[in-house]
Amino acid sequence: MDDFFLGCGLFLVGLMFLSLYRGIFGPTVLDRMIGVNAIGAKTTVLLILIGVLYHRLDMFVDIALAYAMLNFIAVLAAARYFQKRKGLDEELY
Amino acid sequence: MKKNAPEQPKLDLPPIEEGKGSASPYVATFIIMLGVWCLLSGRFDAFHLGLGVLSSALVSYFSADLLFSGPLTGRTLRMAFGFLGYLPWLLYQIMLAALHLLYLSFHPRMLELIDPQVIRFRSRLKSDVAQVTFANSITLTPGTITIYVNFHRDFSVHAIDRFSGEGLPGEMERRIARAFGEE
Amino acid sequence: MEPLTSLKPLLAVLVSLGVVPILISSRSPNVREAWTFGAAGLKFLIVLSMLPAVLEGRELVCTLAQVLPGVAFRLRVDALGMLFALVASSLWITTSAYSIGYMRGLKEHGQTRYFCFFALALSATIGVAFSANLFTLYLFYEMLSFATYPLVTHHQDAKARHSGRKYLLYIVGGSIGLVLPAMVLAYHLSGTLEFSGQGFLPHSGSPILLGVLLFMFLFGFAKAAIMPVHAWLPAAMVAPTPVSALLHAVAVVKVGVFCILRVLTEVFGLDLLASLHLGTAVAYVAAFTIIAASLIALTQDELKRLLAFSTIGQLSYIVLGAALLSPKGLMGGMIHIAMHAFGKITLFFCAGAIFVATGKKNLSEMAGIGKRMPVTMAAFFIGALSIIGIPPGGGFLSKWYLVLGALEADQFPLLVVILVSSLLNAAYFMPIVYRAFFVGSRETTLPDTVSEAPIFCVAPLVVTALISLVLFFYPQPFLDLAELAVQTLIGGTGK
Amino acid sequence: MKNLGLLIVVLVGAVLIYATTDFPPFGDPESPASLHVSPRYLENSLEETAVPNVVTSVLVDYRGLDTMFETTVVFAAGVACFLLLRVPRRRTPAPRQYRHRLTGLTFRIKDGGEISLPLQEFEPMESIWTPHDFIIEKVCCYLIPFIQLFGLFVIAHGHHSPGGGFQGGVILGASIILLSLSHDLRTALKRMGEKTSALFSTFGVLIYAGTGALCLLLGYNFLDYQALDPLLPGGPVMARYHGILLVEVGVGMAVMGTMIWIFRNLASRGRHEEGL
Amino acid sequence: MSQYYPALLIAIPLLAALFISASGWLRPALCFPLALTALGGSLLVSLGLLSNVIRGIPDVYLFGGWPPPWGIYYRVDHLSALVLAVVSIVGFVNLIAARPAVEKEFPEKAAPFYTLYVLFVTGLLGMVITGDAFNLYVLLEIAAITGYALIALGKGRAPLSSLHYIFMGTIGACFYLLGVGYLYIITGSLNMEDIARLLPPLYESKVVTVAFVILMVGIWLKMGFFPLHAWLPNAYTHAPSPVSSLVAPLMTKVMVYVMIRMVLTVFTVDYAFLVLKLNDAVVWLAVIAIVAGSLLALAEKDVKRMLTFIVVAEVGYMVGGFWLGNRAGFIGAVLHLVNDALMTLCLFLAVGNIVYAKGNSQWDSLPGLFRTMPWTMGALVVGALSIIGVPPTCGFFSKWYLLLGAIQGGHYGFLAALLFSSLVSVVLFFRIFEISYFEPFGASHGPDHGEDGPAGREAPLGMLVPLWMTALGLVLLGLYTGEIVDRVIRHAVPGMML
Amino acid sequence: MIWQLDLLILILVVLCGIGAIMIRDLLGTAILFGAYSFMMCLLWAIMGAVDVAFTEASVGAGVSTVFFVATVYHTTRRTKD
Amino acid sequence: MVIAVIVVVCLVAGLIFFAGGTLGLLRFPDFYTRLHPAGKLDTSGALLVLLGLAVYQLFPLTLGSVLTGLKLMLIVVFIFLASPTATHAIVDAGFRAGLESWKKGDPRR
Amino acid sequence: MEEVLRLVVERYNYWIYITLMMIGLYALIAKNNLVKKIVGMNIFQTAVILFYVSIGVKKGATIPIIEHNYDMAHQAIRAADYVNPLPHVLMLTAIVVSVATLGVALAITIMVYHRYLTLEEDEILKQIRES
């Protein structure tokens with residue numbers, strides 16, 4: 001079973017690579033935000049998977065929980081940037 | 001620090017401190033928090049439970065008014081149950097629409113299928129909670145994203161194709177209205 | 001004889017140092033000058049009170065702090081130091097009096113500062129005289145350098161700034177760039193800096209190193225104005241005359257020479273110098289300076305510059321005397337410290353008095369001045385006699401010993417140098433005196449209103465001129481001291 | 001600069017890589033680092049402090065001094081941001097503002113002042129303008145209490161699971177930051193004033209250092225929680241356990257207060273008006 | 001009581017800093033007295049430690065009661081006690097002098113200022129006394145962060161300079177941390193003496209060599225050793241004057257101490273001087289540092305900025321002196337550490353007074369200062385003499401030992417550099433004195449010409465008293481050099497160098 | 001330690017790092033720096049350093065990215081490199 | 001065994017959702033359309049994976065494992081609360097920033 | 001060759017940490033924008049943390065939270081079963097320090113920006129030179 005989970009984890013990491021493409025090359029900042037947000041979602045799951053692989057899930061679940069809660073804040077802050085400074089498209093993307 | 005801040009223009013913020021004066025939000029928050037604490041903690045000796053009580057009390061002292069913006073009534077409880085009843089349908093919808101989106105993103109000629117558009121409509125939901133639930137449900141069901149909601153409850157929704165946007169407001173709004181007792 | 005432990009040397013140093021805060025705080029000029037006088041007198045008395053013990057052949061020692069292993073901050077009074085201190089402290093009194101007359105006469109600014117730094121400079125001079133080791137010597141030497149800077153640049157104008165720079169460049173550059181490493185080297189070689197009669201440098205050191213060391217000291221103590229490093233001295237003549245007087249007759253230059261004497265006799269030791277033939281080398285450097293300085297002096301028109309070059313030459317006599325490494329030569333050098341001091345200070349006082357009275361600096365403008373200021377010019381004559389070394393002047397004695405020393409050391413070329421330079425001295429002094437007195441009244445460019453300078457100016461120069469004379473007839477204390485010093489150096493084989 | 005940077009980077013990298021070859025292999029259980037000091041912590045932590053999370057026991061007890069200073073570093077950073085950015089509040093009425101279209105700079109014009117720049121490059125701005133987005137506000141209202149509870153949970157359970165004062169403190173601070181992001185800085189300031197957060201951060205460190213000093217007063221060494229035995233139930237080992245908790249609470253308070261403090265000063269550039 | 005000194009040394013200022021911060025919100029008037037009490041207390045404690053050490057009572061303090069390799073412990077020996085005393089004296093004296101400037105420049109921010117001030121001193125004290133390599137890093141960061149903030153408080157270019165300082169300082173601190181990590185990976189210990197015990201069999205390992213190099217580079221970055229000094233002049237120049245007179249004397253000196261501590265205690269002298277044989281190279285680096293520092297100082301037209309370059313040169317003195325690897329050099333380096341802290345304090349305090357009165361320390365504002373601010377300039381002269389190395393002041397003695405060490409070690413390049421820098425210092429300072437002495441109206445003779453002179457007043461007494469305390473301290477320190485060397489430094493000389 | 005994941009994530013970390021300093025937009029830099037800290041968090045978790053992972057998670061997600069965005073908000077997004 | 005099958009099915013389904021989300025993120029033509037898969041397929045995927053893992057770790061069935069399972073569900077709840085809000089915030093930001101929407105027939109951006 | 005390969009493979013973590021550190025260092029030295037430099041600084045710090053955490057790893061060990069029965073009756077604990085906790089402790093401190101540094105650095109960046117209205121170092125220096 002562990003090998004399966006490991007495979008899942010590796011698959012997720014592979015998906016993270018793809019998301020990172022958006023993160024780095026996304027034409028606008030907002031695309032980058034989406035990419036990073038997607039990475040964040042996968043990170044949460046991956047943390048749990050690592051916990052399962054370590055057979056100490058009860059210890060990792062807290063981290064994932066914290067992550068799920070806090071990941072939101074960064075995105076919100078970045079979004080606030082645009083909400084408050086409308087018309088920023090005149091700036092360089 | 002000096003106390004006299006400059007004159008501020010009045011803001012149309014929703015009043016936050018309505019819950020003050022009534023003890024029920026505090027109690028309810030305390031109970032919910034204690035429940036969550038037990039879930040989180042998993043240790044039920046006196047020491048940790050004591051800490052839990054302390055923490056829950058602290059949280060309810062600090063932010064009960066965030067959780068409940070008014071005094072608790074029977075309606076609040078009914079709304080909670082209504083919401084729970086609404087969830088399975090929502091999950092079903094999410095899965096259904098997710099499959100649709102999945103189909104879209106794996107489709108080789110995806111560009112021909114999608115047709116992004118913005119749908120605007122006015123909701124008949126009254127309470128904030130209901131509107132938030134509605135907005136988030138729209139966002140969660142793939143294919144549609146709530147762009148913004150203004151004071152007049154005008155929803156702007158971005159739909160990825162015609163199919164996703166068809167059902168709005170439709171059944172979802174009705175179910176939410178029923179769940180929150182606004183029918 | 002074991003040394004006496006006594007606080008007197010320290011006191012002698014501290015008297016003028018201690019008077020500085022009082023000077024700064026007092027507002028009234030009279031109080032200030034009274035304190036200056038008091039301190040000068042007190043200092044002289046303290047120095048004098050140590051004289052009997054020193055004459056008995058004892059040394060007074062005062063250790064203040066052990067600053068480095070083998071090196072203490074220590075004061076010691078021996079015969080040579082006593083000689084120098086006596087000269088310096090006695091001249092402080094007269095110079096103070098003269099300063100008052102001069103400064104008030106010219107209404108100079110910053111008199112408080114002037115007197116403060118004057119006191120500091122004297123303190124440092126006595127410190128140099130009484131220092132028991134190279135470190136203490138260096139300490140006071142540096143203190144003197146920095147204390148005299150504001151005196152040299154007293155006028156605070158562009159010229160003063162220029163000569164101040166030159167002064168510092170030579171003096172401080174020499175002391176930090178040459179003396180300091182030389183000191184460290186010496187310490188490295190011997191592990192101590194304490195003066196001793198036989199010198200403390202080990203004889204086993206490499207001759208080249210020791211030679212380099214010697215010349216580092218020689219040119220490092222740039223105050224002695226040995227020829228390549230003499231240029232600061234004429235430049236420093238921009239200072240007010242009392243300063244020049246003290247600087248060039250007593251404090252600064254004598255300190256330099258005194259330091260070199262100490263280094264030659266008590267750092268290297270006569271034996272070491274003799275064995276390495278370093279003495280001769282030094283002597284020839286000094287001889288060159290003597291001749292060259294006298295020749296330059298012949299061409300000068302400004303009185304003070306002439307005196308400056310004369311000083312350069314005279315100082316090298318002292319170095320020469322020591323470098324002869326013979327007892328008589330040493331004695332001659334030591335006595336010359338005193339003789340030249342009194343003679344030269346008289347000359348400077350005269351120059352200052354003339355400036356106060358007439359505002360003239362150049363020789364060409366002084367024709368006939370002897371008739372207007374007879375006392376001053378008479379004193380000038382006596383001073384000049386002393387410097388040249390003609391009998392009624394005290395300078396004769398020192399030159400006599402120098403000549404004897406040169407003979408003793410079988411250095412005929414040096415003998416010739418001494419004699420020739422005496423002739424040159426006469427050649428540049430005598431015309432001045434001649435033109436002052438024996439010139440027709442129509443050649444005089446001086447206005448008729450000119451008369452003697454204020455009493456505060458004239459009295460000191462008269463006193464110093466008289467002392468110069470007296471020293472010829474009664475040079476006993478200085479002779480005794482020098483003899484004692486030479487005895488301790490040579491070990492009683494002096495006579 | 002670029003070439004110089006590359007050169008330095010290559011040089012330093014080469015030196016570091018050169019040393020790598022002598023490292024024990026990655027993950028080697030026999031490496032010196034695993035054999036010398038740390039085994040004692042692992043083997044004795046439970047006995048000596050009753051804390052199964054060895055990281056916590058080492059962090060707060062065995063190497064408690066480091067942690068005290070670490071908290072002080074955070075505190076110092078808070079004070080530093082305050083010192084550098086905080087602007088004392090002005091009494092003048094709210095100024096008009098213009099924003100430069102190209103650079104996004106905001107110009108503030110005092111009352112009665114005139115703008116003499118070409119106006120088409122500027123657009124007027126309200127001095128406080130926050131988009132009212134009640135979806136975000138509402139959701140954050142529901143989230144924040146849970147985040148706070150979770151933060152407290154993390155502080156309290158640092159002994160048994162990962163976490164502890166620092167993490168909990170950051171989470172608590174983040175909850176307030178979330179509040180000021182979702183609503184407005186003023187709303188958050190009403191809930192927790194500047195003075196409160198500053199005092200939180202001060203007293204948090206004070207709890208830590210004070211516990212240490214208390215141990216000193218009780219006759220033991222600084223930060224030797226065993227000294228708290230007479231004050232706390234359960235014997236010397238449990239005294240350590242509880243002492244650790246006490247200190248963790250202090251750390252949590254300090255970190256929470258400081259994070260909020262720093263955020264506010266950064267987000268509003270020391271003006272505490274509108275915020276991010 | 002005396003066994004608690006090491007803990008008290010840290011606890012008093014730390015707690016006080018917290019109280020200051022709190023009182024800033026509650027009772028602002030209490031801030032300065034609290035800070036004064038705290039630093040006074042730690043001054044007393046550090047003097048107590050010094051006297052303990054002199055009397056031969058070794059002080060080891062176990063924090064949390066855990067024995068050394070596991071817990072953190074503080075160790076006081078002769079070297080650290082001496083540096084502790086210096087740090088706390090400088091901190092204390094400068095605090096007194098800081099008050100008028102603080103009240104003039106940023107009165108409303110006094111509380112955070114004093115908090116950071118006291119924390120800075122705490123960090124430095126801790127760095128000196130700690131016996132744990134990692135603990136040192138944390139304390140280093142305390143000192144660094146407070147330092148960054150304090151420096152950034154200045155006017156003009158200060159924030160940018162501070163930012164550069166942050167970058168460089170962080171690289172330095174990270175290199176230090178990395179070096180400690182390299183030691184840890186190979187020994188498994190963080191305690192300095194424990195590492196020293198474990199290291200000898202590992203001397204051949206490349207890891208140790210690289211750890212040493214990284215550590216040294218990190219520490220040199222922090223102290224501003226010549227090629228890595230670029231951040232230093234700007235940061236110290238643009239900082240507010242009470243800050244530059246705090247940071248400039250202490251930060252570099254303490255980092256020199258850390259270097260000495262690392263070499264002595266962790267790597268041991270044998271390794272540093274016999275196995276690695278880096279000493280010649282480092283001394284030549286120091287020579288370059290001294291010469292370059294002096295020459296760069298010549299180009300400046302601002303007294304404060306000039307002083308910062310002198311600091312760069314002085315760092316070269318200490319590093320070079322230590323790496324000479326002989327007894328005299330070691331004593332010289334340590335002695336110079338002590339002396340230079342006070343010298344720089346004196347000079348920066350004097351410049352602080354000038355800035356207080358004139359607004360800046362450019363050469364334009366100097367003329368006439370000897371008349372308007374005689375006391376300040378007097379102290380400046382004393383400090384300058386000490387930097388130049390004129391005997392009764394302490395600067396001479398450390399220079400003496402350094403010269404002696406250079407001669408004994410046969411490093412004539414270092415000797416020449418020392419003399420060169422002394423001569424350059426003469427030029428540097430006498431240029432200043434000339435400008436401030438030769439007033440623009442010097443030609444006029446008269447009893448007094450005070451009316452038409454440039455306006456200016458002497459700095460307040462609160463700034464003059466500490467300044468003169470320092471200036472007199474320079475002389476006293478010079479006279480007591482023998483005592484210090486004999487009682488303290490001599491015992492710190494490692495056996496190999498004897 | 002799970003070395004397969006470890007290695008992959010390490011590569012991701014490096015990519016994130018390079019990306020963060022190469023992007024010509026400071027807001028993007030801030031956001032990518034957030035992603036960088038996610039990766040770091042994962043890395044610590046994989047190596048068994050749960051506490052460090054927890055700290056990195058809370059700090060990276062909750063605080064440091066927000067600080068960056070706040071700074072960029074008050075300064076500018078423009079950058080030349 | 002049944003459990004294993006459930007777990008595997010859940011995980012695989014979740015991973016497919018994730019894959020679809022990422023693929024969509026890469027393939028969709030503009031910012032608004034990209035949000036759809038990224039914001040929500042990931043949410044569903046997370047739901048499924050976490051559900052599977054929660055089921056997996058329920059055995060052996062103890063109080064601790066039940067609580068851990070519930071915690072996992074709590075994570076899901078948070079994701080379901082936060083993720084749409086975040087999506088909403090981003091799309092709002094995009095609208096306010098004035099980002100042009102992709103129209104049918106435009107080239108991909 | 002095989003030897004070299006083994007050297008690399010056995011220590012890949014350390015190689016990556018060096019890579020990361022060099023990225024940070026390069027950004028710190030060569031980048032022109034202050035915020036970029038700060039990011040580089042943080043990457044640099046994280047690299048050190050990565051190095052430390054890598055030290056602590058043991059093959060086949062679990063996280064350093066001791067599994068024990070709740071009644072405290074535990075059997076002897078084998079240190080080899082658990083990851084080395086000490087580097088984690090140190091790195092917790094280091095992370096906190098880096099956050100604190102980050103805060104101060106950003107605060108100063110804001111100050112710099114509002115003084116010069118740009119974040120590009122060369123532009124700032126140009127302004128300083130011109131004034």
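Author: In this predicted model, buried means under 20% relative accessible area, exposed over 50% and partly exposed in between, with a 1.4 Å probe and protein chains only.

Reader: Thanks! What makes Cys215(D) count as buried or exposed?

Author: Its relative accessible area is 0%, and the limit for buried is under 20%, so Cys215(D) is buried.

Reader: And how do you know on which side Cys81(D) falls, buried or exposed?

Author: Cys81(D) also has a value to go by: at 0% relative accessibility, Cys81(D) is buried.

Reader: Why is Cys81(D) without a bond to the closest cysteine sulfur?

Author: A disulfide is a pair of cysteine sulfur atoms within 2.5 Å. The closest cysteine sulfur to that of Cys81(D) belongs to Cys174(E) and lies 19 Å away, so it is too far for a bond. Over all chains, the structure holds 0 disulfides.

Reader: What makes a space a cavity here?

Author: On a 1 Å grid over the protein atoms alone, a cavity is a set of points where a 1.4 Å probe fits but cannot get out; lining residues have an atom within 4 Å of a point. The structure holds 10 cavities of 30 Å³ or more, and the largest has about 270 Å³ of space.

Reader: Which residues lie nearest the centre of the largest cavity?

Author: Of its 22 lining residues, Asn37(A), Ala41(A), Asn71(A), Ile79(G) and Ser83(G) do.

Author: A note on the records: residues are numbered from 1 along each chain as its sequence is written, and chains are lettered from A in the order in which they are written. Local features need pLDDT of at least 70, and side-chain values use heavy atoms.

Definitions and conventions. Predicted model: local features only at pLDDT ≥ 70, side-chain atom pairs only at ≥ 80, totals over all residues. 1 Å grid on protein atoms, 1.4 Å probe; cavity = no way out; pocket = protein on both sides within 12 Å on 5 of 7 lines; lining within 4 Å. Points joined across faces, edges and corners; volume = space filled by probe spheres on them.
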